[in-house]
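Visitor: I would like a close look at a single part of this model, the place where the first ligand sits. Could you walk me through that site and then outward into the rest of the protein?

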Amino acid sequence: MTQIVLVTGATAGFGKAIAERLVQDGYRVIATGRRRDRLEALAGALGPALLPLVLDMDDSAALRALPASLPDGWQEVDILINNAGLALGMGKAQDSAVADWRQMIETNIAGLVEITHALLPGMVARDRGHIISIGSTAGIYPYLGGNVYGGTKAFVAQFMRNLRCDLLGTKVRATNLEPGLCGGSEFSNVRLRDDAKAAAVYQDTHPIQPEDIAETVAWVLGLPAHVNINRIEMMPTCQAAGGLAVARG
Ligand code: NDP
Ligand code: 8X3
């Protein structure tokens, strides 16, 4: 039976690459995001195996109504890819806008847990399923300006670990994928609100690409049903942790 995957944030970056890869691999994919034109373009390119669905991760009512609102033949979602998310700002906590903090918490935490809450009972009842969340190395390693963004990804990491406990005894799998520096997406454009500054983030580097993330997701999903990858931390070869900082004087 062809498995149904729901990918959040499929209008750009990782989510788009994951949707493309999984359709190519024979899955049926529900591609979600706010930008309808991008979703329709994806559907035009990938054909009937892709269902475009406008869904705002900040719309709690839409997330709660999601399972029942899916069209016939698309309601039994086997796999949820919790990818939609964002960082806003790189300033120190004391210089940050609280509205940016609230937005990150709303999308990266509240939206992620609400869609998981909406789709998980069906997976448990059918005793099959897989939830993959896109966390970040920012949830593990602190850095200057990472404040609330890193905090949201630390939440995701612990939420996914805790899901494993609750799902023990079922055949539903849960995985947190934690990438470091990645290019080829709109992440830094959104975060820095400045395309030139966003381009400078990747200057003279060879970052992970959306296709690398899609390849990893495809591998995790393709493992035998008795194997659960709990977490994967991945960085480009050109990145490593920078050590602790000391203020002198
Ligand atoms: P992009 O900015 O390219 O893509 C983000 C996606 O999230 C878009 O499709 C966007 O769709 C969607 N999205 C954002 N807010 C909402 C919302 N309120 N409702 C619905 N969809 C939303 O970024 P990436 O592909 O790089 O990022 C994907 C995930 O990977 C994020 O969770 C990010 O935190 C994480 N990540 C990114 C890294 C990187 O360096 N790029 C590294 C580690 C993790 P739309 O605007 O159409 O709604
Ligand atoms: C994105 C990676 O290092 O910009 O999650 O926070 S980082």
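Guide: Ligand 1 is surrounded by 28 residues, and the closest are Thr11, Arg34, Met57, Tyr149 and Ser185. Please keep in mind as we go that this is a predicted model. Three polar contacts give you a feel for the site. A backbone N or O atom of Asn83 lies 2.8 Å from an oxygen atom of ligand 1. For Ala12, a backbone N or O atom is again involved, 3.5 Å from an oxygen atom of ligand 1. Asp58 takes part through its side chain, where a polar atom lies 3.5 Å from a nitrogen atom of the ligand. On its own, ligand 1 would expose 880 Å², and the protein buries 96% of that. Two elements, α1 and α5 (147–167), give two or more residues to the shell around ligand 1.

Tyr149 leads us on to ligand 2. Tyr149 is one of the closest residues to ligand 1, and it is also among the residues around ligand 2. The others in that second set are Ser136, Ala138, Tyr143, Gly180, Phe187 and Arg191. An N or O atom in the side chain of Tyr149 is 2.6 Å from an oxygen atom of ligand 2. Ser136 places a polar side-chain atom 2.6 Å from an oxygen atom of this ligand, and for a polar side-chain atom of Tyr143 the distance to an oxygen atom of ligand 2 is 2.6 Å. Ligand 2 has 240 Å² of accessible area on its own, of which the protein covers 79%.

Helix α1 offers a second way out from ligand 1, this time into the nonpolar interior. The largest nonpolar core has 33 residues, and Ile18, Leu22, Val29, Ile213 and Val217 touch the most other members. Elements giving two or more residues to this core are β1 (4–7), α1 (13–24), β2 (28–33), α2 (36–46), β4 (79–82), β5 (129–134), α8 (210–222) and β7 (231–234). A separate second core, of 26 residues, includes Leu6, Leu70, Leu80 and Val156. As background, nonpolar side chains tend to be buried together in soluble globular proteins. Val217 is a handy residue to select in your viewer: beyond its neighbours within four places in sequence, it is in contact with Ile18, Leu22, Ile81, Ile132 and Leu177.

Ile132 is also a contact of Thr175, a residue in strand β6 (residues 172–179). Thr175 has a relative accessible area of 1%, so it counts as buried, the cut-off being under 20%. Apart from residues within four places in sequence, its contacts are His130, Ile131, Ile132, Ser133, Met160, Val220, Asn228, Ile229 and Asn230.

Val29, from the list of core residues with the most contacts to other members, takes us to Trp74, which touches it. Trp74 is placed in the loop between α3 (60–69) and β4, yet it is buried, at 9% relative accessibility. Its further contacts, again leaving out residues up to four places away in sequence, are Ile4, Arg28, Ile30, Pro48, Ala49, Leu50 and Leu51. With Ile30, the sequence separation is 44 residues, while the C-alpha atoms are 8.0 Å apart in space.

You may also want to check the cysteines before setting up a calculation. The whole structure has zero disulfides. The cysteine sulfur closest to that of Cys182 belongs to Cys238 and is 10 Å away, so the two are too far apart for a bond. Cys182 is buried at 7% relative accessibility, whereas Cys238 is partly exposed at 47%.

Two backbone angles round off the tour. Arg193 has a positive phi of about 55° although it is not a glycine; this residue is in the loop between α6 (187–192) and α7 (195–201) and is exposed, with 55% relative accessible area. Asp204, another residue other than glycine, has a positive phi near 60°. Its place is the loop between α7 and α8, where Asp204 is exposed at 75% relative accessibility.

Terms used
Residues numbered from 1 in each chain as written. Chains lettered and ligands numbered in written order. Predicted model: local features only at pLDDT ≥ 70, side-chain atom pairs only at ≥ 80, totals over all residues. Heavy atoms only, no water. Helix = DSSP H or I, 4+ residues; strand = E, 2+ residues; numbered from the N terminus. Buried < 20%, exposed > 50% of the residue type's maximum accessible area, 1.4 Å probe, protein only. Contact = heavy atoms within 4.5 Å. Core = buried A, V, L, I, M, F, W, Y, C linked by side-chain atoms within 4.5 Å. Disulfide = S-S within 2.5 Å. Near = heavy atom within 4 Å. Polar contact = N/O pair within 3.5 Å; in protein donor to acceptor, adjacent residues only side chain to side chain. Areas by Shrake-Rupley, 256 points an atom, 1.4 Å probe, with all protein chains shown as cover.
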